[in-house]
Amino acid sequence: MIANIVKPGHKTRGVLNYLYGPGRANEHTDPHLVASFDGLAPDPGRDPEATLAHLTAVLDLRVKQAGDRAPKEHVWHCSIRAAPGDRGLSDEEWATIARRVLNATGIASAGDPDACRWVAVRHADDHIHVVATKVRGDLRPPRNWNDYLRADSELAAIEKEYGLRQVLRGDRTASKRPTRAEQEKARRTRRPTSAREHLRSAARTALSAATTPKEFFAILEGAGLLVEIQRFPSGDVRGYKVALDGDANKDGQPVWFSGSTLAPDLSYPKITERLAPAETPSTPSPEADAWRRLALAADRVPDLLTSSEDEAGQAHVAAVAEALDALPLVAPADLRPQLVRAATAFERAGRSRIRAHHQQARATRNAVKAILREPLPKDEALVAILLDALLLAVVATRHWHQTHHHDQQADAARRAAEHLRSAYRTATIQPIAVVHQRGRRLALPLREQQAAAVRQALPDLAEQILSEPGWPALAVTLATTKSAGHDPAALLAQAARHRRLGTATRLSEVLTWRLHRLVRLPQDASTAATGPSSSAGTVRPVPQRRKR
């Protein structure tokens, strides 16, 4: 159940005209009162002698009495909507819900004879509208500060008491949705998304690539957007706004959006905070390319979310969001649709009320920016390795949000993981086929040795792994790590330690790519293990994590 409190207005009659009218698409049916401040308000929907003018006069009585002391914007309007799938509520139940919300918000406290005048109108099965005039009987305005949060909290209690669907609650950090007018304009101009959504996506992509605010603005302009930088009298940057080229208002002027109206974390102060110079410059490993560095950084996110302070944890979540924003620019074409959907879904999961200490996640963010400046790796396995690591990080992010009761963010991470998992499966088709072919040539004694290692490391999952089509590929990968001097059972235990988070559906394939990530196996390294006379080649182990 959701409350929507609109911006206060000054035309009581105008609101009533809409509530008792046919609606924008003739969707209103049987408009009538379900409750009012005294139970005696005229109902133009059910009483043939009542008129909208009469009802308006009743609601505006105290506004007229207060004269100049009345608020200029005196109309308080709140819609309350049941969730899809909820049972139908009777007029009496809606009346009780209206009174409880009015009491919670301070518009009409229970038992207060001087409370504001109000009515609750129903013109559909699934919602009501509550309209009040903000002048009390003592001609003072009500104390309804923070009314949305109070209404939302009351509706959460109502959902439990009435056995209704418990809607995911937000923390007021969500991006603003496109308005009806913006959506209709996008349809008229045949754009796939509204201008607001297009600009938000472009700004996020630019932020993932930029290293300074100046470069951020340059990337936006390079993408064909209009950018206007706003400055203080001193010349310092105060903010910015962006517009789509060709998107104009009725006067022919660009339709501008400030960064903060696109998303809370796209305001200029938030961008400068994120792009601030490093307190201690980091030096990337010269032995690892950017894609592998990002995979290793993403692989550390689950542990960091578990062990870090909340502010550092939020920074790592934001870094994962940057990685997802950047990937569609450089990933193979067949992966881009699902990666775009993953980034769009994860946008809501990328921030919360916890203020991020972005310096804590600088290594990950630097690796994100580096992959945008390097060509796509020829080794297709690297793409699968990176997507597996990011999938692990996204699922860990969902768990982190759940423990902090960030319901909307946890759900967004869940949806992002679904799209990312689809991209991962596509990315593994070709490289897993190559490794699988080599696995079939693995000598039987070597394969039996690796099966024993699986049973030793993962006794509860061993039979599932050994029965999967991807087992030969995992077997040859384990044989390669053994020939390089590693303990296959220990590596398997390390690779599978996040299985409890439910990231893997085809265990053998997931473990194959995690082993590639842990010991830096190139795609063709498995050829070294297909015969007893092979050598390991150059394989560099990644240091084992300390047990916690």
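# Reading the packing, strands and rings

Reader: Which residues does Lys-241 touch, not counting residues up to four places away in sequence?

Author: Lys-241 touches Leu-226, Val-227, Glu-228, Gln-230, Trp-256, Phe-257 and Ser-258, with residues up to four places away in sequence not counted. Keep in mind that you're looking at a predicted model.

Reader: Where does Lys-241 lie, and is Lys-241 buried or exposed?

Author: Lys-241 lies in strand S7, residues 237-244. To call a residue buried, we ask for a relative accessible area under 20%. Lys-241 has 18%, so it counts as buried.

Reader: On to the strands, then. What is the order of the strands in the open sheet?

Author: The open sheet has 5 strands in the order S1-S3-S5-S4-S2, and the pairing is antiparallel. S1 (2-5) and S2 stand at the edges with a single partner strand each, so one side of each has no neighbour in the sheet. On average, neighbouring strands here are turned by 25° against each other, direction ignored.

Reader: How many bridges pair S4 with S2, and how many pair S4 with S5?

Author: S2 (residues 32-36) and S4 pair over 4 bridges, while S4 and S5 (residues 127-133) pair over 5. Both pairings are antiparallel. Try Val-121 as a worked case: it is the bridge partner of Leu-33, and it stands opposite His-129 in S5. Also look at Ala-35, which stands opposite Ala-120 in S4. Now follow the chain from S4 to S5: a hairpin of 4 residues joins them.

Reader: How many residues of S4 are buried, and which way do they point?

Author: S4 covers residues 117-122, and 6 of its 6 residues are buried. Arg-117, Val-119 and Val-121 point one way, and Trp-118, Ala-120 and Arg-122 point the other way.

Reader: Which helices should I look for beside these strands?

Author: Try H4 (residues 91-105), which lies across S2, S3 (75-81), S4 and S5, running at about 50° to S2.

Reader: How do I read a helix?

Author: An α-helix has 3.6 residues a turn, so residues three or four places apart point the same way. Take H14 (residues 362-371) as your case: 8 of its 10 residues are buried. They are Arg-362, Thr-364, Arg-365, Ala-367, Val-368, Lys-369, Ala-370 and Ile-371. These buried residues pack against four helices: H7 (195-209), H10 (268-274), H11 (290-307) and H12 (310-330).

Reader: Which residues touch the most other members in the largest nonpolar core?

Author: That core has 78 residues, and Leu-327, Phe-346, Leu-387, Val-394, Leu-420 and Trp-471 touch the most other members. H15 (residues 380-403) gives the most to this core, with 15 residues. There's also a second, separate core of 30 residues, which includes Ala-82, Ala-98, Trp-118 and Tyr-162. Back in the largest core, zoom in on Phe-346: its contacts include Val-317, Leu-324, Val-394 and Ala-416.

Reader: How do I read a pair of rings?

Author: A pair of aromatic rings is described by the distance of the centres and the angle of the planes. The count here comes to 4 aromatic pairs. One of them, Phe-216 with Phe-217, is tilted: 5.6 Å centre to centre, with 55° between the planes. Phe-216 and Phe-217 are both buried. Ring pairs also link Phe-216, Phe-217, Tyr-240 and Tyr-268 into a cluster.

Reader: How many disulfides does the search of the whole structure find?

Author: A disulfide is a covalent bond between the sulfur atoms of two cysteines. The search of the whole structure finds 0 disulfides. Take Cys-78: the closest cysteine sulfur is that of Cys-116, 14 Å away, so it is too far for a bond. Cys-78 is buried, with a relative accessible area of 1%, and Cys-116 is buried too, also at 1%.

Reader: Which residue other than glycine has a positive phi?

Author: His-405 is one of them, with phi near 60°. His-405 lies in the loop between H15 and H16 (407-440). With a relative accessible area of 66%, His-405 is exposed. Leu-139 also has a positive phi, about 65°, although it isn't a glycine. You'll find Leu-139 in the loop between S5 and H5 (147-162).

Conventions
Residues numbered from 1 in each chain as written. Predicted model: local features only at pLDDT ≥ 70, side-chain atom pairs only at ≥ 80, totals over all residues. Heavy atoms only, no water. Core = buried A, V, L, I, M, F, W, Y, C linked by side-chain atoms within 4.5 Å. Buried < 20%, exposed > 50% of the residue type's maximum accessible area, 1.4 Å probe, protein only. Helix = DSSP H or I, 4+ residues; strand = E, 2+ residues; numbered from the N terminus. Contact = heavy atoms within 4.5 Å. Pairing = 2+ DSSP bridges. Phe/Tyr/Trp six-rings, centres within 6.5 Å; stacked < 30°, edge-to-face > 60°. Disulfide = S-S within 2.5 Å. Axes fitted to C-alpha atoms, helices over the stretch in contact; angles between N-to-C directions.
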